[in-house]
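Student: I've got a model open and I'd like to learn how to read it. Can you walk me through a few features?

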Amino acid sequence: MTQLYLDADACPVRDEAFRVAQRLGVHTHVVSNGARGILLPESPIIHRVIVTEGADVADDWIVEQITAADVCVTQDIPLAARCLEKGARALNSKGHRWTVENIGGALAGRAVAEHLRSTGGRTGGPSGMTQADRSRFLSELDTLLRAAMRPAPPSLRVPPGGF
């Protein structure tokens with residue numbers, strides 16, 4: 001059964017994800033370290049998962065649970081890559097779909113930006129969320145969840161050894 005995992009601490013589209021998940025009847029795991037109070041709708045298919053604080057603890061929990069039949073919503077490019085390695089689908093909050101074809105470039109760009117920041121360079125931050133971003137997210141999440149609910153052909157799975 002397809003499930004949805006939200007990397008929830010920095011997720012600006014939780015409410016949108018809840019609407020899509022409830023409409024499709026997809027069990028949703030809202031994973032956070034509990035540092036922020038996240039309001040969840042009362043629903044038997046939406047589950048709060050609070051992990052201990054620490055670097056990548058929420059990411060590790062998601063990766064341990066996620067399967068090829070699932071979808072993860074995250075802003076974290078390395079987490080998206082780890083989900084893809086398990087055959088799952090991944091989407092960011094602006095509706096950008098992470099794929100085997102584009103995740104390597106995203107990881108490289110992230111590494112370059114980290115290097116620039118560590119040497120005092122300014123890289124700027126992400127642009128703010130727009131209504132068009134939210135609309136694209138809703139559409140892409142619906143599409144990904146529906147696709148995940150159908151069996152994936154073996155050719156879409158990541159080969160052993162990853163990227």
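Tutor: Sure. Let's start with a term: a residue is buried when its relative accessible area is under 20%. Keep in mind that this is a predicted model.

Student: Okay, is Cys-72 buried or exposed, then?

Tutor: Cys-72 has 0% relative accessibility, so it counts as buried. Cys-83 is buried too, also with a relative accessible area of 0%.

Student: How many disulfides are there?

Tutor: The general idea is a distance test: two cysteine sulfur atoms have to be within 2.5 Å. Here the count is zero. The cysteine sulfur closest to that of Cys-72 belongs to Cys-83, but at 4.0 Å it is too far away for a bond. Seen from the other side, Cys-83 is in no disulfide either, with the sulfur of Cys-72 as its nearest, 4.0 Å away.

Student: What about the nonpolar residues?

Tutor: In soluble globular proteins, nonpolar side chains tend to be buried together. In this model the largest nonpolar core has 23 residues, and Leu-4, Val-73, Leu-141 and Leu-145 have the most contacts inside it. At least two residues of this core come from each of β1 (3-7), α1 (14-24), β4 (71-73) and α5 (131-148). Apart from it lies another core, of 12 residues, including Ile-62 and our friend Cys-72.

Student: Which residues does Leu-141 touch, if I skip its neighbours within four places in sequence?

Tutor: Leu-4, Ala-17, Val-20, Val-71, Val-73 and Leu-91.

Student: How do I check that α5 is a sensible helix?

Tutor: Compare its expected span with the distance between its ends. With 18 residues at 1.5 Å a residue, α5 should span 26 Å, and its end C-alpha atoms are 25 Å apart, which agrees. Its buried residues include Phe-137, Leu-141 and Leu-145, but also Asp-133 and Asp-142. Among the elements covering them are β1, α1, β4, β5 (89-91) and β6 (97-98).

Student: How does α1 sit against α5?

Tutor: For a helix pair, look at angle, axis distance and handedness. These two pack at an angle of about 35°, with axes 10 Å apart, and the crossing is right-handed. The contact involves, among others, Ala-17, Val-20 and Leu-24 of α1 and Phe-137, Leu-141 and Leu-145 of α5.

Student: Anything to look at in the backbone torsions?

Tutor: Check phi. Asp-56 has a positive phi of about 65° although it is not a glycine. You'll find Asp-56 in the loop between β3 (46-50) and α2 (57-65), where it is partly exposed, with a relative accessible area of 43%.

Notes:
Residues are numbered from 1 along each chain as its sequence is written. This is a predicted model: local features need pLDDT of at least 70, side-chain atom pairs count only at pLDDT 80 or more; totals for chains, interfaces and linings use all residues. Side-chain values use heavy atoms; hydrogens and water are left out. Buried means under 20% relative accessible area, exposed over 50%, partly exposed in between (1.4 Å probe, protein chains only). A nonpolar core is a set of buried Ala, Val, Leu, Ile, Met, Phe, Trp, Tyr and Cys residues joined through side-chain atoms within 4.5 Å. Helices (H or I, at least four residues) and strands (E, at least two) are DSSP runs, numbered from the N terminus. Contact means heavy atoms within 4.5 Å. The expected span of a helix is 1.5 Å times one less than its number of residues. Axes are lines fitted to C-alpha atoms, for helices over the stretch in contact, and angles run from 0 to 180 degrees between N-to-C directions. A crossing is left-handed if the near helix is turned anticlockwise from the far one by less than a right angle, and right-handed if clockwise.
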